[in-house]
Each structure stands twice: as C-alpha cells, then as structure tokens.
Amino acid sequence: TQSTRPQRLLSAVQKNATRGDPCSVVKAIDQFCRSKEWAMNVGDEKGCILDSVVSELNPTTVLELGTYCGYSTVRIANLLPPHAKLITLEFNPDFAAIARQVIAWSGLEEKVQLVEGASGDLIPKIKQDFGVQTFDLVFLDHWKDRYLPDTKLMEACGLLRKGSILLADNVICPGTPDYLEYVRSSPRYESQYFKSHLEYTKVEDGLEKSVFLG
Ligand SMILES: O=C(NC/C=C/[C@H]1OC[C@H](O)[C@@H]1O)c1cc([N+](=O)[O-])cc(O)c1O
Ligand SMILES: [Mg+2]
C-alpha cells in the first residue's frame with residue numbers, strides 16, 4: 001500500500017536524524033520538506049521566530065493546537081526548562097501516530113503530552129483532566145477557522161492569565177482574518193505581527209504574537 005506524506009517524513013527522520021537529538025530531528029524534517037516534499041510544518045524561518053518567543057518567555061506551561069507531525073512540538077519542547085509541560089492537541093489520529101514517533105525519536109516525550117481529539121471538545125476539560133490551571137504560552141497552528149472560537153473558549157475556561165502569550169501561525173497564508181481582527185481590535189490583547197514567509201516558500205506569511213492583558 002502507498003505510504004502517506006507523514007509516514008515518509010517520519011522515515012526521513014529515522015534515516016537522517018540522531019535519536020535523542022532534537023536539533024537533528026528539526027533539521028531532517030526541514031531538509032525533507034525543502035528537497036523532497038513540502039509539508040505544513042511551521043518551518044525553519046518562522047521556527048526561528050517561534051524559538052525566540054519561547055526562549056524569551058521561558059514558559060512552564062504551553063498548549064499547542066495542531067500537532068501535525070510534531071515539528072513545532074519538538075522545537076518548543078527542546079527549549080523548555082526542566083519540569084515544564086507542553087500539551088499538544090491533534091484531531092487527526094494518523095498525524096498523531098506519526099507525531100508520537102517523531103517526538104520519541106527526539107527524546108522529548110517526558111516534556112510532551114499529545115492528546116487526540118477536537119480542540120473544541122478538549123479545551124474545556126484541560127483544567128480537570130490535565131492538571132493545568134493557566135497557560136504561559138499557546139501556539140495556534142490547527143484549523144484556521146478554529147483560532148477565534150478556541151481563543152474565546154480558552155478565555156471562557158479561565159485558561160489565560162494576565163501576560164499569557166498567544167502565538168498564531170499562518171495569519172496571512174492560509175490566513176485567519178477573523179482571529180486577526182479580534183486580537184488586534186480587542187482591548188484585552190496587545191498584538192504584534194512578525195512578518196515572514198510560508199514554510200519553505202517565498203510567499204508572505206507571518207506569526208501574530210498577542211499578550212492577554214487579563
Ligand atoms: O491547514 C493548516 N494547518 C492546520 C492543519 C489541519 C489538519 O492537521 C491538524 C488538524 O488536526 C487537521 O487534521 C496549514 C496549512 C498551510 N498551507 O499552506 O495550506 C500551512 C500551514 O502552516 C498550516 O498550518
Ligand atoms: Mg501552520
């Protein structure tokens with residue numbers, strides 16, 4: 001039977017990256033996506049912006065919406081201090097299965113909890129089921145029409161505190177116009193756009209960093 005792109009991406013990691021070396025996993029995926037097959041990872045260019053936001057914040061609790069193959073999961077987890085926790089939600093079971101193996105190959109499974117399911121169903125359960133009260137950082141990279149409803153849901157569930165950071169991928173391409181309008185016009189957020197490019201291309205895209213003001 002024909003393999004899927006995520007399966008081929010995982011094979012590239014197992015072939016070219018060193019077990020237990022997150023940087024080599026990130027490098028292997030970027031090399032695969034540049035030379036073999038494009039895939040919707042945040043990528044190396046936007047990934048550097050992601051790294052700088054994580055490093056500056058030094059978060060203890062992180063939520064990622066949209067794991068895909070685990071590329072940004074590995075980038076973020078690699079920068080977390082000891083005992084910090086990254087919870088990542090993935091709707092697609094095939095993507096989740098690949099991501100678990102990518103995360104394991106990087107040796108970061110201790111810092112990561114991958115939960116399968118729809119973000120709209122899981123977010124209201126986080127406080128009771130995952131022992132997290134609020135998130136220092138949320139990375140939004142799932143279905144683009146879910147960014148706004150899930151942000152409102154996180155507010156309603158008390159998962160954001162004064163100073164929590166939302167970092168959103170793809171605010172230009174594919175685009176999240178309703179989310180962008182919300183965080184840029186709401187008095188409860190201080191927003192900043194980091195101009196970049198769609199992963200592995202010359203097309204404009206960027207990350208929007210929004211601080212929740214409480
Ligand atoms: O749809 C995108 N991401 C959301 C992914 C949606 C699907 O994967 C995870 C989710 O459970 C769903 O099965 C996306 C799309 C492009 N793109 O160029 O089309 C670029 C990106 O960086 C993206 O994150
Ligand atoms: Mg993306």
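Me: Which residues coordinate the magnesium ion (ligand 2)?
Reply: Happy to help! In this predicted model, the coordinating atoms sit at 2.0 to 2.2 Å from the ion. Along the chain, the donors follow the spacing D-x27-D-N. They are D141 (OD), D169 (OD) and N170 (OD1).

Me: How many residues apart in sequence are the parts that D141 and N170 tie together?
Reply: Let's place each one. D141 is in the loop between β4 (135-140) and α8 (147-156). N170 is in the loop between β5 (160-168) and α9 (171-175), so the pair ties together parts whose separation in sequence is 29 residues.

Me: Is N170 buried or exposed?
Reply: A residue counts as buried when its relative accessible area is under 20%. D141 meets that with 13%. For N170 the value is 4%, so N170 is buried.

Me: Which residues come nearest to ligand 1?
Reply: There are 15 residues around ligand 1. D141 and N170, which also coordinate the magnesium ion, are among the nearest. The full set of nearest ones is E90, D141, K144, N170 and E199.

Me: What distance separates a polar side-chain atom of N170 from an oxygen atom of ligand 1?
Reply: Good one to look up in the structure! A backbone N or O atom of F91 is 3.4 Å from a ligand 1 oxygen, and a side-chain N or O atom of K144 is 2.9 Å from one. For the polar side-chain atom of N170, the distance is 2.7 Å.

Me: How much of the area that ligand 1 exposes alone does the protein bury?
Reply: The space ligand 1 takes is the largest pocket. Taken alone, ligand 1 exposes 530 Å². Of that, the protein buries 85%.

Terms used:
Residues are numbered from 1 along each chain as its sequence is written. Chains are lettered from A and ligands numbered from 1 in the order in which they are written. This is a predicted model: local features need pLDDT of at least 70, side-chain atom pairs count only at pLDDT 80 or more; totals for chains, interfaces and linings use all residues. Side-chain values use heavy atoms; hydrogens and water are left out. Donors are N, O and S atoms within 2.8 Å of the metal (3.2 Å for Na, K and Ca); water is not among the atoms, so sites may look incomplete. Helices (H or I, at least four residues) and strands (E, at least two) are DSSP runs, numbered from the N terminus. Buried means under 20% relative accessible area, exposed over 50%, partly exposed in between (1.4 Å probe, protein chains only). A residue is near a molecule or strand if one of its heavy atoms lies within 4 Å of it. A polar contact is a pair of N or O atoms within 3.5 Å; within protein, one must be able to donate a hydrogen and the other to accept it, and residues adjacent in sequence count only if both atoms are side-chain atoms. Accessible areas come from the Shrake-Rupley method with a 1.4 Å probe; for residues, only the protein chains shown count as cover. On a 1 Å grid over the protein atoms alone, a cavity is a set of points where a 1.4 Å probe fits but cannot get out, and a pocket is an open set with protein on both sides within 12 Å along at least five of seven lines; lining residues have an atom within 4 Å of a point. A molecule sits in a cavity or pocket if more than half of its atoms lie within 2 Å of its grid points.
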